[in-house]
Amino acid sequence: MSYIARRSNVFRVLATLRTPLPVSSVRYSSGSSSKVTKEDLEHATGMERAELEAEMRGETLFDRRGLVGPFGTREKPVIVPSYNSFRPVGCTGGLGDNEHELLWFNLFEGHTHICPECGQFFKLHREKEH
């Protein structure tokens, strides 16, 4: 087989590999949809399943909105709810001149954390499980 024929075969194989799949064969995750399907529920376990079941009842099990309120001080820290003894927290410092880049830290039960950038105080409040 000549060099040109072999090269032509290689390009034909590569072109076949680059051919996109038809849209009907692509499966999109239902996680981006706000509707819970029977299949989602069949595959979910633990807290994920509890969250999906609550969503089906029209309830919100976990509030994922950010905490908004007054600046946390030593006397009145920002109270961060959690079902665990720790929780990752992100601080942006507030609005206007107090705002800084997002800083992440772990907040642990029984300890007050001070943001090293803005000096805001945070305290974890352990909530009872549902």
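**Entry 1: the largest pocket**

I started with the largest pocket, which has 40 residues in its lining, with Arg65, Gly66, Leu67, Val80 and Arg87 nearest its centre. I looked up which elements give two or more residues to that lining, and they are helix H3 (46–56), E1 and E2. The largest share comes from E2, with six residues. I noted the volume of this pocket as about 1200 Å³. Then I sorted the lining by residue type and got 22 nonpolar, 11 polar and seven charged residues. Reminder to myself: this is a predicted model.

**Entry 2: the chain as a whole**

I stepped back to see what the chain is built from. It has three helices and five strands. Reading along the sequence, I wrote the pattern down as α-α-α-β-β-β-β-β. How many of the 130 residues count as buried? I got 18% of them. I also looked at contacts with a separation of 6 or more, and 36% of those are between residues 24 or more positions apart.

**Entry 3: strand E1 and its partner**

Next I went to E1, since Val80 had come up among the residues nearest the pocket centre. Which residues of E1 are on its covered face, and which on the uncovered one? Val78, Val80 and Ser82 are on the covered face, while Ile79 and Pro81 are on the uncovered one. E1 is joined to strand E5 (residues 121–126) by five bridges, and the two run parallel. I picked out one pair to find on screen: Pro81 has His125 in E5 as its bridge partner.

**Entry 4: Ser82**

I stayed in strand E1 (residues 78–82) and clicked on Ser82. Is Ser82 buried or exposed? Its relative accessibility is 6%, so I put it down as buried, the cut-off being under 20%. A polar atom of the Ser82 side chain sits 3.0 Å from the backbone nitrogen of Asn84. Skipping neighbours within four places in sequence, I listed the contacts of Ser82 as Arg87, Leu124, His125, Arg126 and Glu127. Arg87 was already in my notes as one of the residues nearest the centre of the largest pocket.

**Entry 5: Val89**

Over to strand E2 (residues 86–91), where I looked at Val89. Val89 has a relative accessible area of 8%, so it is buried. What does Val89 touch, not counting residues up to four places away in sequence? My list reads Val80, Leu103, Trp104, Phe105, Leu107 and Phe122. Val80 again: I had it on the covered face of E1. I also checked the C-alpha distance from Val89 to Leu102, which is 9.8 Å for two residues 13 apart in sequence.

**Entry 6: His100**

Then I moved into the loop between E2 and strand E3 (103–108), which is where His100 is. Is His100 buried or exposed, loop or not? With a relative accessible area of 12%, His100 is buried. I found a polar atom of its side chain 3.3 Å from the backbone nitrogen of Gly93. Gly93 also shows up in the contact list of His100, which leaves out neighbours within four places in sequence. The others there are Cys91, Thr92, Cys115, Glu117 and Cys118.

**Entry 7: the E4 and E5 hairpin**

I had already met E5 next to E1, so I looked at what else pairs with it. Strand E4 (residues 112–114) is joined to E5 by three bridges, and these two run antiparallel. So E5 runs parallel with E1 but antiparallel with E4. One pair I looked up here is Ile114, which stands opposite Phe121 in E5. The hairpin of E4 and E5 has six residues between the strands. Which residue in the hairpin takes a positive phi? That is Gly119, with a value near 80 degrees.

**Entry 8: Thr73**

Last stop: Thr73, in the loop between H3 and E1. Thr73 is partly exposed, with a relative accessible area of 32%. I checked it against Gly119 from the hairpin. Thr73 and Gly119 are 46 residues apart along the chain, and their C-alpha atoms are separated by 8.1 Å.

Key:
Residues numbered from 1 in each chain as written. Predicted model: local features only at pLDDT ≥ 70, side-chain atom pairs only at ≥ 80, totals over all residues. Heavy atoms only, no water. Helix = DSSP H or I, 4+ residues; strand = E, 2+ residues; numbered from the N terminus. Buried < 20%, exposed > 50% of the residue type's maximum accessible area, 1.4 Å probe, protein only. Contact = heavy atoms within 4.5 Å. Polar contact = N/O pair within 3.5 Å; in protein donor to acceptor, adjacent residues only side chain to side chain. 1 Å grid on protein atoms, 1.4 Å probe; cavity = no way out; pocket = protein on both sides within 12 Å on 5 of 7 lines; lining within 4 Å. Points joined across faces, edges and corners; volume = space filled by probe spheres on them. Nonpolar A, V, L, I, M, F, W, Y, C, P; charged D, E, K, R; others polar.
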